[in-house]
Amino acid sequence: MPLRFDAHVSTAETDYGTVLLDERAGTYWELNPTATLVVRALLDGGEIADAAAALVREFDIDTTQALRDVQALVGDLREAGLAS
């Protein structure tokens, strides 16, 4: 399930991660470098398992925890109306 930001969301990568601007609400979201890694993997067409594998490679964490973290992030972005 690749990720796609909705048309009303602008993104900008920074030295500290990624900033999202919800242009409808005028609110900003800041993604840390870990969340940015996940988002990049999904925006590039990867599935949740691919994004979790990227976390495991980068941070040497448990696969089960990585999957939960990716699912939580995707759920938060979708619930906030930022992504589909």
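How many bridges join E1 to E2, and in which sense do the two strands run? I began my entries with this pairing, keeping in mind that the model is a predicted one.

**Entry 1: the strands**

I found that 6 bridges join E1 to E2 and that the two strands run antiparallel. E1 and E2 form a hairpin with 2 residues between them, and I noted one facing pair here, with Glu-13 standing opposite Thr-18 in E2.

I then followed E2 (residues 17-22) to its other neighbour, strand E3 (residues 27-31), and found that E2 and E3 pair in the antiparallel sense over 5 bridges. Two bridge partners in E3 went into my notes: Trp-29 is the partner of Leu-20, and Thr-27 is the partner of Asp-22. The hairpin of E2 and E3 has 4 residues between the strands, and in this hairpin Gly-26 takes a positive phi near 75°.

**Entry 2: Asp-22 and His-8**

Is Asp-22, which lies in strand E2, buried or exposed? I looked up its relative accessibility, which is 5%; the cut-off for buried is under 20%, so Asp-22 counts as buried.

I next looked for the polar partners of this side chain. The side chain of Asp-22 makes a polar contact with the side chain of His-8 at 3.1 Å, and a polar atom of the Asp-22 side chain also lies 3.1 Å from the backbone nitrogen of Arg-24. Leaving aside residues up to four places away in sequence, Asp-22 touches His-8, Thr-27, Ala-80 and Leu-82; Thr-27 is thus listed here as a contact and above as the bridge partner of Asp-22 in E3.

His-8 is found in the segment before strand E1 (9-14), and with a relative accessibility of 14% it counts as buried. The side chain of His-8 makes a polar contact with the side chain of Arg-24 at 3.2 Å, in addition to the contact with the side chain of Asp-22 at 3.1 Å. Again leaving aside residues up to four places away in sequence, I listed Leu-21, Asp-22, Glu-23, Arg-24 and Gly-81 as the residues that His-8 touches.

**Entry 3: Leu-21**

Leu-21 is also placed in strand E2, but at 22% relative accessibility it counts as partly exposed. Beyond residues up to four places away in sequence, Leu-21 touches His-8, Val-9, Ser-10, Gly-26, Thr-27 and Tyr-28. I also checked one distant pair: Leu-21 and Phe-59 are 38 residues apart in sequence, and their C-alpha atoms are 27 Å apart in space.

**Entry 4: helix H1**

I looked at how H1 (33-43) begins, and found that Asn-32 caps its N-terminal end, with a side-chain oxygen 3.1 Å from the backbone nitrogen of Thr-34. The buried residues that I noted in H1 are Ala-35, Thr-36, Val-38, Val-39, Ala-41 and Leu-42. The buried residues of H1 pack against E1, E2, E3, H2 and H3. Just after H1, Gly-45 takes a positive phi of about 100°.

**Entry 5: helix H2**

How far apart are the end C-alpha atoms of helix H2 (residues 48-59)? At 1.5 Å a residue, its 12 residues should span 16 Å, and the end C-alpha atoms are 16 Å apart, which agrees.

The buried residues of H2 are Ile-48, Ala-51, Ala-52, Ala-54 and Leu-55. These residues cover an arc of only 155° around the axis, which puts them on the same side of H2. The face turned away from that buried side carries the exposed residues Ala-49 and Arg-57. When I asked what covers the buried residues of H2, I found that the cover includes helix H1 (33-43) and helix H3 (63-79). Just after H2, Asp-60 takes a positive phi of about 50°.

**Entry 6: the nonpolar core**

The largest nonpolar core has 21 residues, and those with the most contacts inside it are Leu-3, Phe-5, Val-70 and Leu-77. H1, H2 and H3 each supply at least two residues of this core. In soluble globular proteins, nonpolar side chains tend to be buried together.

I finished with Leu-3, which, not counting residues up to four places away in sequence, touches Val-39, Leu-42, Leu-43, Val-74, Leu-77, Arg-78, Ala-83 and Ser-84. Among these contacts, Val-39 and Leu-42 are buried residues of H1.

Terms used. Residues are numbered from 1 along each chain as its sequence is written. This is a predicted model: local features need pLDDT of at least 70, side-chain atom pairs count only at pLDDT 80 or more; totals for chains, interfaces and linings use all residues. Side-chain values use heavy atoms; hydrogens and water are left out. The expected span of a helix is 1.5 Å times one less than its number of residues. Buried means under 20% relative accessible area, exposed over 50%, partly exposed in between (1.4 Å probe, protein chains only). The arc is that of the directions from the helix axis to the C-beta atoms. Contact means heavy atoms within 4.5 Å. A nonpolar core is a set of buried Ala, Val, Leu, Ile, Met, Phe, Trp, Tyr and Cys residues joined through side-chain atoms within 4.5 Å. A polar contact is a pair of N or O atoms within 3.5 Å; within protein, one must be able to donate a hydrogen and the other to accept it, and residues adjacent in sequence count only if both atoms are side-chain atoms. Two strands pair if DSSP finds at least two bridges between them.
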